[in-house]
Amino acid sequence: TRPLGNEVLTKSASGLSDRNFPRAFRAALRPLPTLAPYEVSWDEGVRVERYAVSARVGTAQILPNLPTPVIGYNGMVPGPTISVERGTRVHLRVRNKLYGVQHPEGLEHSHESGLVLSTHLHGHASLPEFDGYADDRTIPGFCKDYVYENDQPARTIWYHDHATHLTTRNVYSGLAAQYHIRDEVERALLPQGEYDVPLTLSDIMFEADGRARFDDKDHSGLWGDVILVNGQPWPVMNVKRRVYRFRLLNGSISRSYRPYLSTGDAVHMVGTDGGLMPTTQAVTTWRHAPAERYEFLVDFSRYAPGTQVRLMNSSNPKNVDFDHTNKIMAFQVTDDPVDTYDPTWRTIPTTLTGSDVMSLTPSQSVKTRYLQLKKSDVTNVWNINGTTWQDVIASGYTKVLADPALHAVEMWDLHTSSGGWFHPLHVHLVDFQIVSRNGRPPFAYERGPKDVAYVGPDEKVRVLMRFDRAGRYMVHCHNLPHEDHDMMGQFRVGLAAGAPDPHDPISAAK
Ligand code: C2O
Ligand code: CU
């Protein structure tokens, strides 16, 4: 058993000694680092911002007494947040400085000189050649320039590594960061500045010497016994007695959470993966799968100074859990003065402006497709409709799961059918609307634009979307060991089979 605060732990995945095991609600929450553009210019009325990050090794101070080696964008974990105004064109240069760095597995997809990378940004941002296609490899010593138009409504998105068979290891090592698109609409409705707080959740387990321990349970999933928020174990944040906005990204490899406030009070859900929901939803708890983002407001004005409000977690993943993963972080209510002239200090807006995808109707759909998410009884490999990413590679990247016409609206039925597993399914390129879950309306908190759907055991989730860019994009489970082995396929928009693809996503690294 291990002491943790005044509690006794009985189960652990880490090899840490009691002395080095972190305690809950001690570390101060750290704000995510931010990245400034190195150059700003104008191109025919469009603001252009240039950013650069280097993927390289670094050191994180997570445990009080031991350093943890990491791989991060600019060596930082979590990586630096990019925050841009809607309509700004971003050039993001990702440099690969990972010479001589190898993971113990996945070598067949690595390069002799070191790790290979591919960088994906969520949020239907990019042309196929800038989408982080898994085999669009950037090898050590090279870089790739990604171009994002950011012409979609404000939202909380994130960029992370996506290299074939290396994604789990690369992301677990730290290659992930938030990215925000801002606009007038959210500015008029929601808290800004210090009251707009991005939170990245992850989980980790440790070796005795402070290194991250890796165990994906034979490609089932990786569940750490230490919960990190912005890279700190179970941190505490001081809050004033007013409304705060939180942008919560689940950046975990496999762990799904079911967050709730220790007071039992509801949070006010205002945004999902693709930005603002049509209307605010008060929810006391929600399922939060890897890669999903939820934006919510919490009104701390109702608590007396000195109150500690905890964000707890009630979910237990299949087969594995640890005593202390039932907590996430704490908010310490202070008596610091509040600016009551700021209109957002106590306002919970009710009507938000949702994105276009929320006004699509099922009658606009020209095609219904079925995607079955399961494990092969024969090969024991995770797949979608029997297809794996290996099959896509073997086909010379021609094999597709779907081929929607350009601007077509389609309905996809996502179904998990094996053995109690859930799969958070991510569709690149689009925002989708969740139409139904097992024939019933979606949960209140998921009535907003999404790019990841939580498909629970034996659930059927029906999603509706429009395909507005031509080219090939990936679709996959976001439990990363499932994605790597090999629950990932692709779809092709607006191109006939065998037709030349002007946006071939496998471009030469430069
Ligand atoms: Cu978050 Cu295809 O990835
Ligand atoms: Cu999965």
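Me: How many bridges join strand 25 (residues 409–416) to strand 29 (residues 460–466)?

Reply: This is a predicted model, in which local features need pLDDT of at least 70 and side-chain atom pairs count only at pLDDT 80 or more, while totals for chains, interfaces and linings use all residues. Residues are numbered from 1 along each chain as its sequence is written, and chains are lettered from A and ligands numbered from 1 in the order in which they are written. Strands are DSSP runs (E, at least two residues; helices are H or I, at least four), numbered from the N terminus, and two strands pair if DSSP finds at least two bridges between them. Strand 25 and strand 29 pair in the antiparallel sense, with methionine 411 opposite leucine 464 in strand 29, and the number of bridges is seven.

Me: Which strands are the edge strands of the sheet with the order 24-23-25-29-27?

Reply: This open sheet of five strands has mixed pairing, and strand 25 and strand 29 stand side by side in its order. An edge strand pairs on one side only, and here the edge strands are strand 24 (382–384) and strand 27 (432–437).

Me: Why does proline 457 count as partly exposed?

Reply: Proline 457 is placed in the loop between strand 28 (452–455) and strand 29. A residue is buried if 20 or more other C-beta atoms, placed from the backbone, lie within 10 Å of its own, exposed if 12 or fewer, and partly exposed in between. Proline 457 is partly exposed because the number of its C-beta neighbours inside 10 Å is 13.

Me: What is the C-alpha to C-alpha distance between proline 457 and phenylalanine 422?

Reply: Leaving aside residues up to four places away in sequence, proline 457 touches Thr416, Gly420, Trp421 and Phe422, where contact asks for C-beta atoms, placed from the backbone, within 7 Å. Along the sequence, proline 457 and phenylalanine 422 are 35 residues apart, but in space their C-alpha atoms are separated by 4.9 Å.

Me: Which residue stands opposite methionine 237 in strand 22?

Reply: Methionine 237 belongs to strand 15 (residues 236–239), where the side chains alternate, so that Met237 and Val239 point to one face and are buried, while Val236 and Asn238 point to the other and are not. Strand 15 pairs in the parallel sense with strand 22 (residues 327–333) over four bridges. In strand 22, the residue opposite methionine 237 is phenylalanine 331.

Me: In which sense do strand 21 (residues 308–313) and strand 22 pair, parallel or antiparallel?

Reply: Strand 22 and strand 21 also belong to an open sheet of four strands with mixed pairing, in the order 15-22-21-17, whose edge strands are strand 15 and strand 17 (259–261). Strand 21 has leucine 311 opposite methionine 329 in strand 22. The two strands are joined by five bridges, and the sense of their pairing is antiparallel.

Me: Which strand gives the most residues to the side of domain 2 that touches domain 3?

Reply: The protein is divided into domain 1 (36–182), domain 2 (193–333) and domain 3 (356–493), with bounds from an automatic or database domain assignment. Taken over C-alpha atoms, the centres of domain 2 and domain 3 are separated by 25 Å, and their contact takes 27 residues from domain 2 and 24 residues from domain 3. On the side of domain 2, the elements that give two or more residues are strand 18 (267–272) and strand 19 (275–283). With six residues, the element that gives the most is strand 19.

Methods. Contact = placed C-beta atoms within 7 Å.
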